Amino acid sequence: MIQSETKNPLIIADEHAMLKLGKKISKFLKKGDVIYLHGDLGAGKTTLTKGILQGLGFTGSVKSPTYTLVETYPINGTTLQHFDLYRLSDPEELEWIGIRDYFNADTISLIEWPQKGGGVLPHPTREIHIAYTGTGRSVTILPLGLTL
């Protein structure tokens, strides 16, 4: 059992462990969730997303939406949307793609680099912070109290 009940982050050793964490997190997600993913380039945000998708039953290829802004995955009656706002130069660009139409009660949204969408994105239901630590990663899931 992995717990995120304190301010101490989870320590993730490698890519396999990040995928496993994503699978565990997937069990707690529900339609309408908006999850902000924070972390530097290469920290593991897309790997975590891949684990979440696998945990939800998705078996296809998962790619980073760095250039497309969003990848959509229909899975078992719900839709998971994976956003990557890294290349966004102005939050107003999100209005051009009809960003508000993406968020509804039937979707789960994972958003990398949410700070780039300032003022346009809905408030998150949960935030996940990933940071480099030695050869692994530390992961903090907010709000605290989620027992995985």
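**Exercise 1.** Determine what end-to-end span the 12 residues of α1 should have at 1.5 Å a residue, and compare it with the C-alpha positions.

*Solution.* The model is predicted. The expected span is 1.5 Å times one less than the number of residues. For the 12 residues of α1 this gives 16 Å, and the end C-alpha atoms lie 17 Å apart, which agrees. At the start of this helix, a side-chain oxygen of D14 comes to within 3.3 Å of the backbone nitrogen of H16.

**Exercise 2.** Identify the buried residues of α1 and establish how they are arranged around the helix axis.

*Solution.* Step 1: a residue counts as buried under 20% relative accessible area. In α1, M18, L19, L21, G22, I25 and S26 are buried. Step 2: viewed down the axis of α1, these buried residues fall within an arc of 160°, so they line one face of the helix. Step 3: an α-helix has 3.6 residues a turn, so residues three or four places apart point the same way. Step 4: the partners of the buried residues of α1 are β2, α2, β7 and β8, against which they pack.

**Exercise 3.** Apply the span test to α2, then describe its buried residues and what covers them.

*Solution.* Step 1: helix α2 covers residues 45–56; its 12 residues should span 16 Å at 1.5 Å a residue, and a separation of 17 Å between its end C-alpha atoms agrees. Step 2: K45, L48, T49, G51, I52, L53, G55 and L56 are buried in α2. Step 3: the cover over these buried residues includes α1, β3, β4, β5, β6 and β7. Step 4: G57 follows α2 and has a positive phi, near 105°.

**Exercise 4.** State which element supplies the largest share of the largest nonpolar core, and trace the contacts of L48.

*Solution.* Step 1: the largest nonpolar core has 24 residues, and L21, I25, L48, I52, L80, I128 and V139 have the most contacts inside it. Step 2: at least two residues of this core come from each of β2, α1, β3, α2, β4, β6, β7 and β8. Step 3: α2 supplies the largest share, 4 residues. Step 4: beyond its neighbours within four places in sequence, L48 contacts M18, L21, G22, I25, L37, I128 and I130. Step 5: another core, of 14 residues, lies apart from the largest one and has Y36, L85, L88 and F103 among its members.

**Exercise 5.** Classify G118 as buried, partly exposed or exposed, and locate it relative to L53.

*Solution.* Step 1: G118 lies in the loop between β6 and β7. Step 2: partly exposed residues fall between 20% and 50%; the relative accessible area of G118 is 45%, so G118 is partly exposed. Step 3: G118 and L53 are 65 residues apart in sequence, and their C-alpha atoms are 26 Å apart in space.

Terms used
Residues are numbered from 1 along each chain as its sequence is written. This is a predicted model: local features need pLDDT of at least 70, side-chain atom pairs count only at pLDDT 80 or more; totals for chains, interfaces and linings use all residues. Side-chain values use heavy atoms; hydrogens and water are left out. Buried means under 20% relative accessible area, exposed over 50%, partly exposed in between (1.4 Å probe, protein chains only). Contact means heavy atoms within 4.5 Å. A nonpolar core is a set of buried Ala, Val, Leu, Ile, Met, Phe, Trp, Tyr and Cys residues joined through side-chain atoms within 4.5 Å. The arc is that of the directions from the helix axis to the C-beta atoms. A polar contact is a pair of N or O atoms within 3.5 Å; within protein, one must be able to donate a hydrogen and the other to accept it, and residues adjacent in sequence count only if both atoms are side-chain atoms.
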